[in-house]
Amino acid sequence: MTNTVPGSTSRTIAVSKELDRVMRLDRGRLIAALAAGLRDLSLAEDVLQEAAVSALKHWGRSGLPRSPQGWLLQVARRKAIDRLRSAKRSKLQTEALAILTEGGTAPDADVIPDHRLRLIFACCHPALEPKSRVALTLRTVCGLTTVEIGCAFLDNDTTMGQRLSRAKAKISAAGIPFAVPDPEIWPARLDAVLTTVYLIFTTGYIAGPNEPRDLCLEAEYLMRLIDQLHPDDAEIEGAMAMMLLTAARRAARIGDDGASLPPTEQDRTLWDSARITEGRALLARAAKRRNVGPFQIKAAIADCQMVDPAPDWPQIAALYRALWQYEPTSVVALNSAVAMAEAGQAEHALDWVESLADQLSNFQPWHATRAALLAKTGRYTQSAAAYRHAIATAPGQAEALFLERRLAALPQ
């Protein structure tokens, strides 16, 4: 017969719940603090996981420490020191060992430095491909599992695990610093960070609300964190405003028949007024700083799309011309053509879209836009063919249904 200590089961459950809570809420901060000294993301993750395993045993026997976060960080640092001392070390690892052994311990959560901004900049370094930046940021800062990230990007666990491993290895091999960039390169590096976070948001926005982890909320958390760690930056405020204004329409994005709806056809009573108010206040605050950037312009476009009773298309067209000065890309040109057509210049817009064929013929939104403009200018047979191509390559069922409705509505 096995003897069970009274209350041991309940204590184990309580310890497990507290450890899960700490790792869920503070994993990013702990990884950032470890990586800042170790300069090795894989090692930081490994020793934190080992510390968590030790916590289950130690806390179950001795009770919860006053600062669970500080305890985990202290034990993880010791485990990192043990690993580095027993390994054949590189120059970076030798330097990391010196930093760790000279740095003492951090027994209290209050004294754990917040290096998450450094971690975000490392994960979003331009040397990494965009998809890897997104995956690594979700894993290290947000704490999503490899399975959750793989589901979001339609990769299997093995493929996503390999992607994450390669990204972490590249950070280590290339000596990518865990540091906030110097002032002269801050704008360029910040743009990569904000673009990465917004890509996380758009992935969740398109996927819908039934994913295991809401990537829209994860992106909003990241953007608020960046704003908190580096306040009073107009572009960060602009990116946050763009995200909030877009998220405000999320509940109205899909109609009753399952088809996606543009803002002009959405039920405005479903829009999130609190997010709209906050987004517009952030945009106004950013504008007052007189330091215009592309994310502020994109936020202003999102705002103009929500003007009552209908979008302000001439202003949107003007904003896209302004955006072109920062991002002279074919995608900006395509969106500019849409605004131009809605503002009454459909023929000119169609000519512009046709001129983008070489750059965008493999880009599904180009076919959808071209189909709509061909219909607007009375070229219904060509429009139908373009719609069929756009439907066949639509990113999701909701988008395909929307295009099928437009195709069915063409004059016969």
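Helices here are DSSP runs of H or I with at least four residues, numbered from the N terminus. With that in hand, we can place a residue that will return later: Glu-237 sits in helix α11, which covers residues 234–247. Before we follow its contacts, let us step back and look at the whole chain.

What you have in front of you is a predicted model. The mean pLDDT of the chain is 88, and 91% of the residues reach at least 70. One stretch calls for care: over residues 104–109 the pLDDT stays under 50, and there the model has 17 contacts beyond four places in sequence. Where pLDDT is low, the predicted coordinates should not be read in detail.

Now for the overall build. The chain contains 20 helices and zero strands. Its C-alpha trace spans about 80 × 60 × 40 Å along the principal axes. Of the 412 residues, 49% count as buried. The accessible surface amounts to about 20200 Å², with 53% of that area belonging to carbon and sulfur atoms. How much of the contact set joins residues at least 24 apart, among contacts between residues at least 6 apart in sequence? The share is 65% of those contacts in the chain.

The chain is divided into domain 1 (1–101), domain 2 (114–191 + 213–222) and domain 3 (329–411). Between the C-alpha centres of domain 2 and domain 3 the distance is 33 Å. Let us take some stops along the sequence.

We begin with helix α1, residues 8–38, where Glu-18 is found. Is Glu-18 buried or exposed? Its relative accessibility is 16%, and because the limit for buried is under 20%, Glu-18 counts as buried. Leaving out residues up to four places away in sequence, Glu-18 touches Leu-64 and Pro-68.

A little further along, the side chains of Asp-46 and Arg-83 meet in a salt bridge, at 3.6 Å from N to O. This pair links distant parts of the chain, with Asp-46 in helix α2 (residues 41–62) and Arg-83 in helix α3 (residues 68–86), 37 residues apart. Both ends have some exposure: Asp-46 is partly exposed at 36% relative accessibility, and Arg-83 is partly exposed at 33%.

Next comes a stretch with an annotation. An unreviewed UniProt entry lists residues 120–171 as "domain: RNA polymerase sigma factor 70 region 4 type". Over residues 120–171 the chain is 71% helix and 0% strand, and the C-alpha atoms at the two ends lie 12 Å apart. Helix α6, residues 130–140, is mostly covered, with nine of its eleven residues buried. The buried residues in α6 include Arg-133, Leu-136 and Arg-139.

We can now return to Glu-237. Which residues does Glu-237 contact, leaving aside its neighbours within four places in sequence? They are Asp-227, Asp-232, Leu-282, Arg-285, Ala-286 and Arg-289. With one of them, Arg-285, the side chain of Glu-237 forms a salt bridge at 3.9 Å, N to O. Arg-285 lies in helix α12 (residues 273–288) and Glu-237 in helix α11, so the pair ties together parts that are 48 residues apart in sequence. The two partners contrast in their cover: Glu-237 is buried, with a relative accessible area of 1%, whereas Arg-285 is partly exposed at 41% relative accessibility.

Charged side chains also join up in a wider group. Glu-220, Arg-224, Asp-272, Arg-275 and Glu-278 are linked in a network of salt bridges.

Our last stop brings us to Arg-370 and Glu-354, which form a salt bridge whose closest N and O atoms are 3.1 Å apart. Again the pair links distant parts of the chain: Arg-370 is in helix α18 (residues 364–376) and Glu-354 in helix α16 (residues 346–354), 16 residues apart. Arg-370 counts as buried at 18% relative accessibility, while Glu-354 is partly exposed, with a relative accessible area of 30%. Counted over the model, the salt bridges come to 24.

Notes
Residues are numbered from 1 along each chain as its sequence is written. Side-chain values use heavy atoms; hydrogens and water are left out. Buried means under 20% relative accessible area, exposed over 50%, partly exposed in between (1.4 Å probe, protein chains only). Contact means heavy atoms within 4.5 Å. UniProt positions are given in the numbering used here, feature names are shortened, and annotations may be inferred rather than shown by experiment. Domain bounds come from an automatic or database domain assignment. A salt bridge is a side-chain nitrogen of Lys or Arg within 4 Å of a carboxyl oxygen of Asp or Glu. pLDDT is the predictor's confidence in each residue, from 0 to 100. Accessible areas come from the Shrake-Rupley method with a 1.4 Å probe; for residues, only the protein chains shown count as cover.
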